[in-house]
Amino acid sequence: MKICIYGAGSIGCYLGGRLVATDYDIDFIVRPKVQQELQTYGLIVSDYTGFKQTISVNQLQMSIDPNVAAHADIVFVCVKSTSTEQVALELKDILKKKTIIISFQNGLSNVGILKRILTDHTILEGMVPFNVAALGNGRFHQGTDGALYVKSHEQLVELVRAFKKSKLEIQLEQDMQAVQWAMGNGQWAKLLLNLNNSINALSQLPLKQELSIREYRQCLALAQLETLNLLKIAKIKPAKLTSIPAQFIPKILKLPNPIFKIISKKMLAIDPLARSSMADDLMAGRKTEIDWINGEVVNLASQLNLTAPINQKLIELVKQAESEPKAWSGSKLKVQLMQF
């Protein structure tokens, strides 16, 4: 089985690194900056349990040329949502007809874009519920737990075996009506959790520290409640991805710190090194995926002839931070969001 990872950022490097560490044949299509970093330091993958492994440079098959995907049996698309259409167009005349493509991306529209352009290929939804932080010097760190989700397909037997050998849990979803991927419910559940990405990025704090501060949690609760109200109007019920149903999470987030700490031990079982990918983007001076996270909420509101002012405000603040980085305290951010 030949796997190609198109977009070796945090998720791509981490998943690929875990597979390479167990001797699987992985090609990485990378940006020149990432290639230079990995050529200098190798690839280091680690997680919250204490696992850590270094993959030497001579074990890594890296290229900036999309044509290396021509030999792949499976392609993981891990690029930012801003690049999905470009990647699909690049792959259209390169891939073998039997190549399977799995989208391990944020946002709700990526699979639709891939299916629209790559009409002769099997496109599968994938979801990475855990956090991966780029810590620099070639190290990519999984800071929270969770299993990978991929739409079930008969040709994924060897891939499942590979992930299990790499000690990464993967779940294939066969009952599509139950998880309701087609309606986006599984992705909406993930997006509800990802609404914290913008708040974490604006805080400039590690995830665990940010979530330990009540004012930041109240900001997240406001964004989630606005989203949940829109989902209810649209008759979309988010799939259950955590032990706590989505509609109860905002109430827990708003609790005073001592009570929150007791009730949500699992929610705070986050590695101190973990931070959101959006925070990584701001720190690196890259454009964020805010339009594919909070922007999806604003788009849903527009479809319903409604507005989503809280999520719209978070979009504005993050876009300001893309050009003028600024750390927001929880109290000041809360004031910004409470005006609506």
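This report walks through the strands, the cores and two unusual loop residues of one predicted model.

Local features here need pLDDT of at least 70, side-chain atom pairs count only at pLDDT 80 or more, and totals for chains, interfaces and linings use all residues. Residues are numbered from 1 along each chain as its sequence is written, and side-chain values use heavy atoms, with hydrogens and water left out.

**Strand β6 and its partners**

Helices (H or I, at least four residues) and strands (E, at least two) are DSSP runs, numbered from the N terminus. Two strands pair if DSSP finds at least two bridges between them.

Start with β6, residues 74-77. Strand β1 (residues 2-6) pairs with β6 in the parallel sense, over four bridges. Here C4 has V75 of β6 as its bridge partner. Strand β7 (residues 100-103) also runs parallel to β6, joined by four bridges. F76 is matched with I102 in β7. Between β6 and β7 the chain passes through helix α3 (residues 84-92), and this β-α-β crossover is right-handed. That term means that, with the strands pointing away from the viewer, the path from the first strand over the helix to the second runs clockwise.

Is β6 covered on one face or on both faces? Both are covered: I74 and F76 are buried on one side, V75 and V77 on the other. Buried means under 20% relative accessible area, exposed over 50%, and partly exposed in between (1.4 Å probe, protein chains only). In a regular strand, side chains alternate between the two faces of the sheet.

**A four-stranded open sheet**

Another sheet is open and has the order β4-β3-β10-β9, with mixed pairing. Its edge strands, β4 (52-55) and β9, each pair on one side only. Neighbouring strands are turned by 20° against each other on average, direction ignored. Axes are lines fitted to C-alpha atoms, for helices over the stretch in contact, and angles run from 0 to 180 degrees between N-to-C directions.

Strand β3 (residues 43-47) pairs with β4 in the antiparallel sense over four bridges. I44 is partnered by T54, and V45 by Q53. The two strands form a hairpin with four residues between them. In its turn, G50 has a positive phi of about 105°. Helix α1 (residues 10-20) lies across β3, β4, β9 and β10, at about 90° to β3.

**Two cores**

A nonpolar core is a set of buried Ala, Val, Leu, Ile, Met, Phe, Trp, Tyr and Cys residues joined through side-chain atoms within 4.5 Å. The largest one has 44 residues. Among the members that touch the most others are W188, L195 and L314. Helix α10 (residues 214-233) gives the most to this core: nine residues. A second, separate core of 40 residues includes L19, V30, L156 and L159.

Take L195 as an example. Contact means heavy atoms within 4.5 Å. Leaving aside neighbours within four places in sequence, L195 is in contact with residues including L220, A223, I293 and V297.

**Two asparagines with positive phi**

Neither N137 nor N305 is a glycine, yet each has a positive phi.

| Residue | Phi | Loop between | Relative accessible area |
|---|---|---|---|
| N137 | about 55° | β9 (132-136) and β10 (139-142) | 44%, partly exposed |
| N305 | near 60° | α14 (294-303) and α15 (309-323) | 71%, exposed |
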